[in-house]
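Grab a pencil and work through these exercises with the structure open beside you. Try each task before you read its solution.

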Amino acid sequence: METLEKTEKFVMKTYNRYPVSFVKGEGCWLYDEEGKKYLDMLAGIAVCNLGHCHPKVSDAICEQAKTLIHTSNLFHIKPQAELAELLCKNSFGEKVFFCNSGAEANEGAIKLARRYGTEIDPEKFEIVAFENSFHGRTMASVSITGQGKYSKGFGPMLTGVKFAKFNDVGSVEKAVSERTAAIIVEPVQGEGGVVPAKVEFLKALREIADRVNALLILDEVQTGIGRTGALFAYQNYGVEPDVMTLAKALGNGVPIGAIVAKGKAAEVLKPGLHASTFGGNFLATRAGVEVIREITKPGFLERVKEKGEFLKSKLRELQREFPDLIEEVRGLGLMVGAVMKVECQKVVERALERGLIINCTAGKVLRFTPPLVITEEEIEKGIEILRGILKEL
Ligand SMILES: *Cc1c(COP(=O)(O)O)cnc(C)c1O
């Protein structure tokens, strides 16, 4: 087991890894060094939305890698311009900034919001975020993450951040003022346990942000790129943000992040104010272009909705069979959580042994974020493995 030993010896132990090393992937399936096959219902944590090694994406990045990979943003980059156009034409957006990860996109969005606010009034710099949120691991993104375990021991955090309760309009009313530069929220809290925002809640956030002249920022790093059955989750809600952050599935596995903005928010960042060396390079944006083209093909998102409903109905069958083990099934599209009454890490480990990949979030929620190309038959296979495990608990 050479890879496992080398990782142990030379890689910083920032993750508790499972003793598995994959060598190949295709669609919803992964293969390990021993040739064992796994059904992937996690997709690299909502990243490989088109499945592993999607032929269109793989061909495009191979071709791009042999042609041109990087020139810097001192020059024009054709696939970057194309991806920006695709993102804007398929969303509320007017302008895009490219970076390399979700945390970086949120970091940039915070800087954008602060600049927006302080140009109106030097005291207008506060950010309102939510309890149980997750926005990434950089200092600013961890400062707006409402879960103490991510910031413990890294203080002092960014000041001027207030936390309100998710899905609780009253607590937002208490947190905002004319000093609020932005409200930032995930349409479905991912790391917080797959908790969808209520429609009235997001609508109220829009109204409150407008009233205090603050930006509404949606962190769609996990919910974006078709995950919830719409290209972007906000499209399920009929609420438009001023700013949206993207990453995870935008490159189907090639690192890329983006900030999408409209109106005044789209004009805040001027030459010299924010930058990224790698951001929007040929390789990453070429992948992004293929991803958006595939996901916006007629019928694709309809199928995601259908398969999301199918997965939820199958999990609810399990809930009826095992009422002492499963408390609740919730989610949007193919972002689904099963709240467990038992320790869910044990279920995840047993699933892996039996060739099913899922994970556990917020301590007690089994999370399902399969590739969006998964079939009903594959979903049934995963459910059967899970049923076998629950029977033995
Ligand atoms: C994963 C995630 C991030 C962080 O993205 P990284 O690419 O790991 O920096 C931020 N926000 C949300 C909602 C996420 O799910």
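**Exercise 1.** Find which residues are around the ligand in this predicted model.

*Solution.* Step 1: go along the chain and you'll pick up Ser101, Gly102, Ala103 and Asn106, then Phe134, His135 and Gly136, among the residues around the ligand. Step 2: carry on, and Glu186, Asp219, Val221, Gln222 and Lys248 are there as well. Step 3: sort the shell by type, which gives 3 nonpolar, 6 polar and 3 charged residues. Step 4: look for the element that gives the most to this shell; that's helix H5 (residues 102-120), with 3 residues.

**Exercise 2.** Track down polar contacts of the ligand with Lys248, Gln222 and Phe134.

*Solution.* Step 1: start at Lys248, where a polar side-chain atom sits 2.6 Å from a ligand oxygen. Step 2: move to Gln222; an N or O atom of its side chain is 2.7 Å from an oxygen atom of the ligand. Step 3: at Phe134, check the backbone instead, since a polar atom there is 3.3 Å from a ligand nitrogen. Step 4: now for cover: on its own the ligand has 380 Å² of accessible area, and the protein covers 81% of that.

**Exercise 3.** Work out whether the length of helix H3 (residues 55-67) agrees with its number of residues, and which of its residues are buried or exposed.

*Solution.* Step 1: at 1.5 Å a residue, the 13 residues of H3 should span 18 Å. Step 2: the end C-alpha atoms are 18 Å apart, so the two agree. Step 3: the buried residues of H3 are Val57, Ala60 and Gln64. Step 4: look down the axis of H3: the buried residues fall within an arc of 70°, so they line one face of the helix. Step 5: flip to the other side of H3, where Pro55, Asp59 and Lys66 are exposed.

Conventions
Residues are numbered from 1 along each chain as its sequence is written. This is a predicted model: local features need pLDDT of at least 70, side-chain atom pairs count only at pLDDT 80 or more; totals for chains, interfaces and linings use all residues. Side-chain values use heavy atoms; hydrogens and water are left out. A residue is near a molecule or strand if one of its heavy atoms lies within 4 Å of it. A polar contact is a pair of N or O atoms within 3.5 Å; within protein, one must be able to donate a hydrogen and the other to accept it, and residues adjacent in sequence count only if both atoms are side-chain atoms. Accessible areas come from the Shrake-Rupley method with a 1.4 Å probe; for residues, only the protein chains shown count as cover. Helices (H or I, at least four residues) and strands (E, at least two) are DSSP runs, numbered from the N terminus. Ala, Val, Leu, Ile, Met, Phe, Trp, Tyr, Cys and Pro count as nonpolar, Asp, Glu, Lys and Arg as charged, and the others, Gly among them, as polar. The expected span of a helix is 1.5 Å times one less than its number of residues. Buried means under 20% relative accessible area, exposed over 50%, partly exposed in between (1.4 Å probe, protein chains only). The arc is that of the directions from the helix axis to the C-beta atoms.
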